Amino acid sequence: MTNTIRAEVITIGDEILFGQIIDTNTAWIGTELTNIGIRTVRKSSVGDQADVILQVLHEAHQRADVIIITGGLGPTKDDITKKTLCTYFGVDMVRNPDALALVTSFFAKRGREMTDLNRAQADLPANAVYIQNDWGTAPGMWFEHEGRVYVSLPGVPFEMKHLMTNRILPKLTTHFQTPIIKHKMIRTVGIGESFLAERIEAWEDALPDHIKLAYLPSFGGVKLRLTATGDNENVLDQELADQVEKVMPLISKHVFGFDNDELEDVVGRLLKEKNLTLGIAESCTGGYVSSQITKVPGSSAYFWGSIVSYSNAVKVASLGVKPETLELFGAVSEETVRQMAEGVRTALGTNVGIATSGIAGPDGGTPDKPVGTIWIACATDTRTVTRLLKLGQYRDQNIQLTSTYLLNMLREEIMN
C-alpha cells in the first residue's frame with residue numbers, strides 16, 4: 001500500500017479571527033484533498049502577523065507533506081503572505097514576467113489604470129513556481145522545500161477553488177503517489193453516541209486496520225463514518241459495503257439513511273413512494289418542522305400546509321382541540337397533542353398529521369412540566385401515536401431536537 005500523504009491547511013487573515021467572515025475554504029480544501037487520497041491532519045487560522053505565520057509554517061513542516069495556505073495575497077500593506085514566505089524560505093522577492101503580463105492584461109481589459117501596488121502583485125518569492133490565476137490578480141504559488149510541498153492561494157473562495165481544481169489538484173496527483181481514500185456514512189437517529197458505541201463495540205473492534213470508524217454526533221443522532229484506505233477503489237467499495245452489511249442488524253432500527261441523506265429528504269421520499277400527503281400542527285416549534293420539510297425541493301408534492309397554533313384559541317378554532325381537554329390537561333399534554341395531530345389531518349385533508357406542543361424555554365416551566373417537556377404526535381388513518389420528550393434548558397436545541405424526533409416518528413410510521 002502506498003504511504004499516506006498528510007496535509008495541513010492554513011488560512012491567513014485577521015478578518016477570519018475577528019469573525020468578520022466565515023472560513024469556508026478549509027472545509028472545501030479538506031474534502032478535495034481527501035478525494036485524491038491526501039489526508040488533512042490539521043487546519044489552522046492565523047492573523048496578519050509575520051511571526052505567528054512563521055511559527056505555524058515551521059510547525060506544519062514537522063507534521064505534513066503538503067501545506068496549503070490561503071489568504072494574504074492582496075495588493076495592500078496588510079497582505080503579508082508573500083513577504084513572510086520570503087523570510088521563511090530565505091529568498092528575495094522578484095518580479096515574475098508571466099504574472100506581470102497577466103495583471104497588465106487584467107486591467108487593460110477593464111479599462112482601468114494600473115498602480116504600483118497592482119504591479120506588485122507580480123512580485124513573487126524567488127523560489128516560487130508561478131500558478132496562473134485566471135479569475136483574479138493574486139497569483140497562485142507552488143514551492144518545494146526540504147521534501148515538502150507548499151501551495152499559496154488567494155483567499156477569495158471562487159478564485160481559490162478554480163486554482164485548486166484546475167491547477168493544484170492535478171499537480172499534486174502527479175507529484176505524489178497517493179492512496180485511495182473512500183468514505184461511507186451511516187446516518188442514525190434516536191440513539192446516543194455512548195449507547196451506539198456499546199452496541200457496535202464488537203463489530204468496531206473487528207474492523208481491519210485500513211478501515212477506521214469515526215462517531216459524528218449531531219442533534220438527535222449520530223453519523224458513523226467509515227474511512228477505508230488502499231490502492232484499489234473497487235475493493236475498498238466492496239469492503240465498506242461488507243462492513244455496512246455486518247453492522248446493520250445491530251442498528252437497523254436507528255438507521256435512516258447513508259452518506260448525504262438528511263432526515264427530511266428520506267421522509268419526503270417515503271411520502272412520495274407511498275403517495276401520502278402531510279399536514280403539520282406546531283406550537284412550541286413555531287414553524288421549524290415545516291421549514292425543514294420545505295427545504296427539500298419538490299416537497300409541494302406531499303406537503304399541503306401547516307398551522308402554527310401558538311395560542312390555545314387557535315388550537316381550538318383551527319385544529320378542533322376541545323376546550324375541556326385544554327382545561328383538564330393543559331396545552332402541553334398527550335391529550336392535546338393527539339387532538340392537534342388528528343385535527344390538522346382533518347383540517348387540511350391530508351393522509352398524515354403530525355404535531356408538537358411543549359415548553360421550549362427558557363421560561364414557562366413548572367415543577368410538573370419543566371422546560372424541555374414536549375409532546376409529539378403522528379396521526380394516520382389507522383392510528384395516532386404520541387411520545388413525551390424530556391429535553392434540556394436551551395430553546396434552540398429543544399426546537400431542533402423536537403423536529404428531529406418528530407420527523408423520525410413520521411418516518412417510522414410511514415415505514416410501518
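Buried means under 20% relative accessible area, exposed means over 50%, and partly exposed covers what falls in between. Keep this rule at hand for the exercises below. The model you are looking at is a predicted one.

**Exercise 1. Decide whether Trp 135 is buried, exposed or partly exposed, and find the surface patch it belongs to.**

Step 1. Start with the position: Trp 135 sits in the loop that links β6 (129–131) and β7 (140–145).

Step 2. Now take the relative accessible area, which is 45% for Trp 135. This value falls between the two cut-offs of 20% and 50%, so Trp 135 counts as partly exposed.

Step 3. Look for its companions at the surface. Trp 135, Val 156 and Phe 158 together make a nonpolar surface patch of about 300 Å².

**Exercise 2. Work out the strand order of the sheet that contains β7, and name its edge strands.**

Step 1. Trace the strands across the sheet: the order is β2-β1-β3-β8-β7-β6. These 6 strands form an open sheet, and their pairing is mixed.

Step 2. Find the ends. β2 and β6 each have a single partner strand, so one side of each has no neighbour in the sheet, and these two are the edges.

Step 3. Check the twist, which averages 20° from one strand to the next.

Step 4. Zoom in on one pair. β7 and β8 (residues 148–153) are joined antiparallel by 5 bridges, and Glu 144 stands opposite Val 149 in β8.

Step 5. Add the helices. Helix α4 (residues 81–89) lies across β1 (5–12), β3 (66–70), β7 and β8, at about 10° to β7. Helix α7 (residues 157–175) also packs on the sheet, where it touches β2, β3, β6, β7 and β8, and its direction makes about 170° with that of β8.

**Exercise 3. Describe the surroundings of Asp 48 and say whether this residue is buried or exposed.**

Step 1. Locate Asp 48 in the loop between β2 (38–46) and α3 (50–63).

Step 2. Apply the cut-off: Asp 48 has a relative accessible area of 18%, and under 20% means buried, so Asp 48 is buried.

Step 3. List the contacts. Leaving out residues up to four places away in sequence, Asp 48 touches Ile 12, Gly 13, Asp 14, Glu 15, Asp 78 and Ile 80. Ile 12 is 36 residues from Asp 48 along the chain, yet their C-alpha atoms are separated by 6.5 Å.

**Exercise 4. Explore the sheet of 4 strands and the loop that holds His 254.**

Step 1. Read the order of this open sheet: β10-β11-β9-β12, with antiparallel pairing. Its edge strands, β10 and β12 (255–258), each pair on one side only.

Step 2. Follow the hairpin. Strand β10 (residues 211–218) and strand β11 (residues 221–230) run antiparallel and are joined by 8 bridges, with Lys 212 opposite Thr 227 in β11. The hairpin has 2 residues between its strands, and Gly 220 takes a positive phi near 80°.

Step 3. Turn to β9 (residues 180–189), which pairs with β12 in the antiparallel sense over 3 bridges. Here Arg 187 stands opposite Gly 257 in β12.

Step 4. Place the helix: α10 (residues 233–251) lies across β9, β10, β11 and β12, running at about 20° to β9.

Step 5. Finish with His 254, found in the loop between α10 and β12. Its relative accessible area is 11%, so His 254 is buried. Beyond its neighbours within four places in sequence, His 254 is in contact with Arg 187, Thr 188, Val 189, Gly 190, Ile 191 and Arg 199.

How values were computed:
Residues are numbered from 1 along each chain as its sequence is written. This is a predicted model: local features need pLDDT of at least 70, side-chain atom pairs count only at pLDDT 80 or more; totals for chains, interfaces and linings use all residues. Side-chain values use heavy atoms; hydrogens and water are left out. Two strands pair if DSSP finds at least two bridges between them. Buried means under 20% relative accessible area, exposed over 50%, partly exposed in between (1.4 Å probe, protein chains only). Contact means heavy atoms within 4.5 Å. Patches are made of residues with over 30% relative accessible area and no salt bridge: like charges are joined within 9 Å, nonpolar side chains (Val, Leu, Ile, Met, Phe, Trp, Tyr) within 5 Å. Accessible areas come from the Shrake-Rupley method with a 1.4 Å probe; for residues, only the protein chains shown count as cover. A salt bridge is a side-chain nitrogen of Lys or Arg within 4 Å of a carboxyl oxygen of Asp or Glu. Axes are lines fitted to C-alpha atoms, for helices over the stretch in contact, and angles run from 0 to 180 degrees between N-to-C directions.
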